[in-house]
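Here are a few short exercises to work through with the model open beside you. Try each task before you read its solution.

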Amino acid sequence: MEKYYFIDWLAFTVKETKLSVILEEIFKIRLEDWMPSKMQLYGYQKSCTSNGITVLYNNTDGTDEQGIHCIVSGSAIRQYNKINSITGLIGRVKKIETAKFKRIDLTLDVVNASMLDFIKNSIIEEKYKTRFKKYTIIQEFNAKTNAKTAETYYFGSRKSENMIRIYDKAAEQKIEADICRIEIELKKNSAHKVALDIINEEDLQAITNGILKNNVNFLEEKKKKNTARNHISSKWKSVIDYDSTAIYKSATEKEETSLTSKANWLYKQIARTYTMCKNTNLLTEKEILEYGYSKLTDIDFATMAEILKEQTKK
């Protein structure tokens with residue numbers, strides 16, 4: 001059984017840092033090798049790209065409150081590793097006090113002919129245990145022949161900080177091989193914690209195995225209510241080096257979402273669209289407020305009352 005560990009997505013935001021510093025000193029890519037891009041995301045109005053890496057920004061001097069957001073896709077990481085090192089990039093980003101990792105995907109490719117069938121049968125026969133509340137199976141079919149072309153297993157939700165995705169990578173790439181891909185998608189606090197802990201390739205393997213051991217395990221027999229009697233499958237043990245792997249808890253305390261932070265989000269994300277709608281009479285302020293008022297809950301009213309009370313004191 002061959003196993004390959006790597007990072008397949010990286011996204012981070014840096015504040016109070018000039019664009020040129022990020023492009024040349026953090027990414028180690030010359031300014032002339034970056035090209036302007038038309039991409040606009042997350043409230044950013046400008047962007048540039050180099051070998052699949054996308055950098056989003058509003059100004060170049062580092063004074064924008066939103067900061068500068070960088071996205072390095074899986075294909076971009078593979079290109080980047082030819083001339084540099086993604087773990088080296090993470091190390092340089094970590095030295096910036098205002099940096100915050102937003103997403104990181106840890107990937108394990110298992111080259112084994114029976115691995116996908118083993119996982120599929122384990123799920124169907126309830127031979128698994130997980131910390132996630134649900135799992136999802138998504139199937140794809142050829143519209144002409146009705147033949148199944150792909151099947152992906154998800155543990156967790158895209159909305160959560162942690163999600164595990166398992167699928168046939170060879171089928172996706174339409175190549176003759178036996179590759180079971182296991183992806184761990186980490187966002188927000190979980191992504192930041194994991195990125196801070198990754199220093200070298202050995203850390204990457206240990207953390208990937210530790211997250212899997214903590215969140216999803218496949219069993220020898222159908223899971224029992226008495227968890228002490230749930231024995232981990234020897235096949236799965238060999239995949240994640242179960243006996244020598246320490247559990248890794250990626251999730252950290254959730255950030256408090258205050259009304260102030262929601263107002264900041266509204267200002268950055270909605271202001272432009274709202275201005276366009278108002279100036280073209282597609283929506284009026286009265287219509288928006290009336291609809292918003294109809295959606296308010298008792299908790300919303302209590303929150304507003306508390307804020308107004310504090311404002312009165314001032």
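Buried means under 20% relative accessible area, exposed over 50%, and partly exposed in between (1.4 Å probe, protein chains only). You're looking at a predicted model, where local features need pLDDT of at least 70, side-chain atom pairs count only at pLDDT 80 or more, and totals for chains, interfaces and linings use all residues. Residues are numbered from 1 along each chain as its sequence is written, and side-chain values use heavy atoms, with hydrogens and water left out.

**Exercise 1.** Work out whether D243 is buried or exposed, then find its salt-bridge partner.

*Solution.*
- Step 1: D243 has 66% relative accessibility, so it counts as exposed.
- Step 2: A salt bridge needs a side-chain nitrogen of Lys or Arg within 4 Å of a carboxyl oxygen of Asp or Glu.
- Step 3: K237 fits, as the closest N and O atoms of the D243–K237 pair are 3.9 Å apart.
- Step 4: K237 has a relative accessible area of 29%, so it is partly exposed.

**Exercise 2.** Sort E183 and R181 into buried or exposed, and say how their side chains meet.

*Solution.*
- Step 1: E183 is buried because its relative accessible area is 5%.
- Step 2: R181 also comes out at 5%, so it's buried.
- Step 3: Their side chains meet in a salt bridge, 3.8 Å from N to O.
- Step 4: Both belong to one network of salt bridges that share partners, whose members include D8, R78, E185 and K187.

**Exercise 3.** Which residue does K187 pair with in a salt bridge?

*Solution.*
- Step 1: The partner is E185, with the closest N and O atoms 3.8 Å apart.
- Step 2: E185 counts as buried because its relative accessibility is 2%.
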